[in-house]
Amino acid sequence: MQKEDSIYAPLFDQPGTSLTSERILWLHVLAQALIDASLTNREVRDDAVNWVGTEDFEEVCSFAGVDPIFMHSLFDLVSGDRNKKRAFKKAMQFRFLVRAFIENNMGFADKP
């Protein structure tokens, strides 16, 4: 999957954000939370969905260098999909995109 072909591409076009170890960590936190929001386990899913929109969520989005409004819409898209296989696939697409983004930019990680 090419970054340009993905609905998730705008997440990684934030100006002034460099790839640091901390940013990588927070991108993975968001990816895992999105996966959790797609699961059939109601308790895990509800915890992830209820986290969205909180001050903590906003901070994590900031640390990850992503737009919280766009990320919120992704959570709505995933958690609102009644087809849990399709929801999980959407969440995993985001995780794979995060991974590809990190791998493509590792030469820039932790450099000013």
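In which helix is the place of Lys-85? Lys-85 sits in helix 5. The model examined here is predicted. Within it, Lys-85 has a relative accessibility of 73%, so this residue counts as exposed. Its C-alpha atom is separated by 9.3 Å from that of Thr-40. Along the chain, Lys-85 and Thr-40 are 45 residues apart.

The overall fold is described next. The protein contains five helices and zero strands. Its pattern along the sequence reads α-α-α-α-α. Of its 112 residues, 38% count as buried. Contacts between residues at least 6 apart in sequence were also examined. Of these, 71% join residues at least 24 apart.

Helix 1 has 18 residues. At 1.5 Å a residue, a span of 26 Å is expected. The end C-alpha atoms of helix 1 are 26 Å apart, which agrees with that expectation. The buried residues of helix 1 include Ile-24, Leu-27, Leu-30, Ala-33, Leu-34 and Ile-35. Polar or charged names also appear in that list, among them Arg-23, Asp-36 and Ser-38. The cover over the buried residues of helix 1 includes helix 2, helix 3, helix 4 and helix 5, the last of these spanning 84-105.

Two residues of helix 1 illustrate this burial. Arg-23 belongs to helix 1. With a relative accessibility of 4%, Arg-23 counts as buried. Arg-23 and Gly-65 are 42 residues apart in sequence, yet their C-alpha atoms are 7.0 Å apart in space. Ala-31 is also found in helix 1. Ala-31 has 0% relative accessibility and therefore counts as buried. Apart from neighbours within four places in sequence, Ala-31 is in contact with Phe-94 and Arg-95. From Ala-31 to Arg-99, the C-alpha distance is 9.7 Å, across 68 residues of sequence.

The packing of helix 1 against helix 5 was then considered. Two packed helices are described by the angle between their axes and the distance between the axes. The axes of helix 1 and helix 5 come within 8 Å. They cross at roughly 170 degrees. Angles over 145 degrees count as roughly antiparallel, so helix 1 is roughly antiparallel to helix 5. On the helix 1 side, the residues that meet helix 5 include Arg-23, Ile-24, Leu-27, His-28, Ala-31 and Gln-32. On the helix 5 side, they include Lys-84, Phe-88, Met-92, Phe-94, Arg-95 and Phe-101.

The interior was examined through its nonpolar core. In soluble globular proteins, nonpolar side chains tend to be buried together. The largest nonpolar core of this model has 28 residues. Leu-30, Leu-34, Phe-57, Met-71, Phe-75 and Phe-94 touch the most other members. Helix 1, helix 2, helix 3, helix 4 and helix 5 each supply at least two residues of this core. The largest share comes from helix 1, with eight residues.

Phe-75 has contacts with several parts of the chain. Leaving aside neighbours within four places in sequence, its contacts include Leu-30, Ala-33, Leu-34 and Ala-37. Ala-48, Trp-51, Val-52, Phe-57 and Gly-80 are also among them.

Aromatic residues were analysed last. A pair of aromatic rings is described by the distance of the centres and the angle of the planes. The structure holds four aromatic pairs. In one of them, the ring centres of Trp-26 and Phe-63 are 5.4 Å apart. Their planes stand at 40 degrees, so this pair is tilted. Trp-26 lies in helix 1 (residues 21-38) and Phe-63 in helix 3 (residues 55-64), so the pair ties together parts that are 37 residues apart in sequence. At 25% relative accessibility, Trp-26 counts as partly exposed. Phe-63, at 44%, also counts as partly exposed.

Trp-51 and Phe-75 form an edge-to-face pair. Their distance is 6.4 Å centre to centre, with 75 degrees between the planes. This pair links distant parts of the chain, 24 residues apart. Trp-51 is in helix 2 (residues 42-51), and Phe-75 is in helix 4 (residues 68-79). Both Trp-51 and Phe-75 are buried. Together with Phe-57, they form one aromatic cluster.

Note on methods:
Residues are numbered from 1 along each chain as its sequence is written. This is a predicted model: local features need pLDDT of at least 70, side-chain atom pairs count only at pLDDT 80 or more; totals for chains, interfaces and linings use all residues. Side-chain values use heavy atoms; hydrogens and water are left out. Rings of Phe, Tyr and Trp (its six-membered ring) pair if their centres lie within 6.5 Å; planes under 30 degrees apart count as stacked, over 60 as edge-to-face and the rest as tilted. Helices (H or I, at least four residues) and strands (E, at least two) are DSSP runs, numbered from the N terminus. Buried means under 20% relative accessible area, exposed over 50%, partly exposed in between (1.4 Å probe, protein chains only). The expected span of a helix is 1.5 Å times one less than its number of residues. Contact means heavy atoms within 4.5 Å. A nonpolar core is a set of buried Ala, Val, Leu, Ile, Met, Phe, Trp, Tyr and Cys residues joined through side-chain atoms within 4.5 Å. Axes are lines fitted to C-alpha atoms, for helices over the stretch in contact, and angles run from 0 to 180 degrees between N-to-C directions. Angles under 35 degrees count as roughly parallel, over 145 as roughly antiparallel, 65 to 115 as roughly perpendicular and the rest as oblique.
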